[in-house]
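Here are some comments on the model you sent, set out point by point. They deal with one strand and its partners, and then with the surroundings of the ligand.

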Amino acid sequence: MALGASIQPPRLILGSASPRRKSLLEALGLHFEVRAAHIDETYPPGLSGVEIPEYLATRKAMALSEFHEGGTLVLTADTIVWHQGKVLEKPAGVNEARDTLRELSGMWHEVITSVCFSGKGFLEVKHARTEVKFMDLDQTDIETYLRKGHPLDKAGAYGIQEWIGLVGVEEIRGSYTNVVGLPTQVVYKTLRDMAGRYF
Ligand SMILES: Cc1cn([C@H]2C[C@H](O)[C@@H](COP(=O)(O)OP(=O)(O)OP(=O)(O)O)O2)c(=O)[nH]c1=O
């Protein structure tokens, strides 16, 4: 049996423009189409922690509701970096990325990804949390990453899969793929549970 065959929906749509999510879903052995979900990524001020990526992943699913028909499963996701009771967003520019990396230096923070599985008559949202500890980053470390890395399209202004992750991340507790943007363990288990129920 082909890798991924036991959890393969008849039609799977990845509602994401993230190349990391695409390659992780491919690594699971799944066949899918990509349709980016365009939403403005704002959320009500009262939301906190996991409620934020849950809300945004669900909004991304609703933006693709035209695909909610029999035999089709739409997968959308949202990742946030949560530190000391607030979200560290995708930075608006290099200065904000620098501030974020200074804030994360030497500290533990949490990465939360919510994944929304939706289709005709169903919508389920799951999440994974990973704790990440950064070493003390000095000015040279931060400036090197800002110049050579890709901090701007990433929650928390870093990619664990890049140089900064190789040198700066001392310890992680939880799923690595969750930090990259798609908790593959959650995707696998949820599709395994849904197979036969929804597709
Ligand atoms: C913390 C961290 C985040 N990220 C990425 C994962 C997500 O792609 C991004 C967070 O932004 P998201 O809004 O979750 O996703 P996105 O805008 O890239 O894609 P889409 O909304 O179309 O699905 O940050 C990494 O690649 N590595 C990391 O270490």
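**Notes on strand S3 and the ligand shell**

1. Asp 78 stands opposite Ser 114 in S5, and this pair is a convenient place to begin reading what is a predicted model. The two strands concerned, S3 (72–83) and S5 (residues 108–119), pair in the antiparallel sense, and nine bridges hold the register between them.

2. S3 also pairs with strand S1 (residues 11–14), here in the parallel sense and over four bridges; within this pairing, Leu 14 has Leu 75 of S3 as its bridge partner.

3. A further antiparallel pairing, over three bridges, links S3 to strand S4 (residues 86–88), where Val 81 has Leu 88 as its bridge partner. S3 and S4 form a hairpin with two residues between them, and Gln 84, which lies in the turn, has a positive phi of about 50 degrees.

4. As for exposure, S3 is mostly covered, since 10 of its 12 residues are buried.

5. Turning to the ligand, 24 residues surround it, and the closest are Ser 16, Ala 17, Ser 18, Ile 160 and Gly 181. By character, the residues of this shell divide into 10 nonpolar, seven polar and seven charged.

6. Which elements each supply at least two residues of the shell around the ligand? They are helix H1 (19–27), strand S3 and helix H6 (176–180), and the largest share, four residues, comes from S3. The strand that pairs with S5 over nine bridges is therefore also the one to consult when the ligand shell is examined, as S3 provides that largest share.

Definitions and conventions:
Residues numbered from 1 in each chain as written. Predicted model: local features only at pLDDT ≥ 70, side-chain atom pairs only at ≥ 80, totals over all residues. Near = placed C-beta within 6 Å. Nonpolar A, V, L, I, M, F, W, Y, C, P; charged D, E, K, R; others polar. Buried ≥ 20, exposed ≤ 12 C-beta atoms within 10 Å, placed from the backbone. Pairing = 2+ DSSP bridges.
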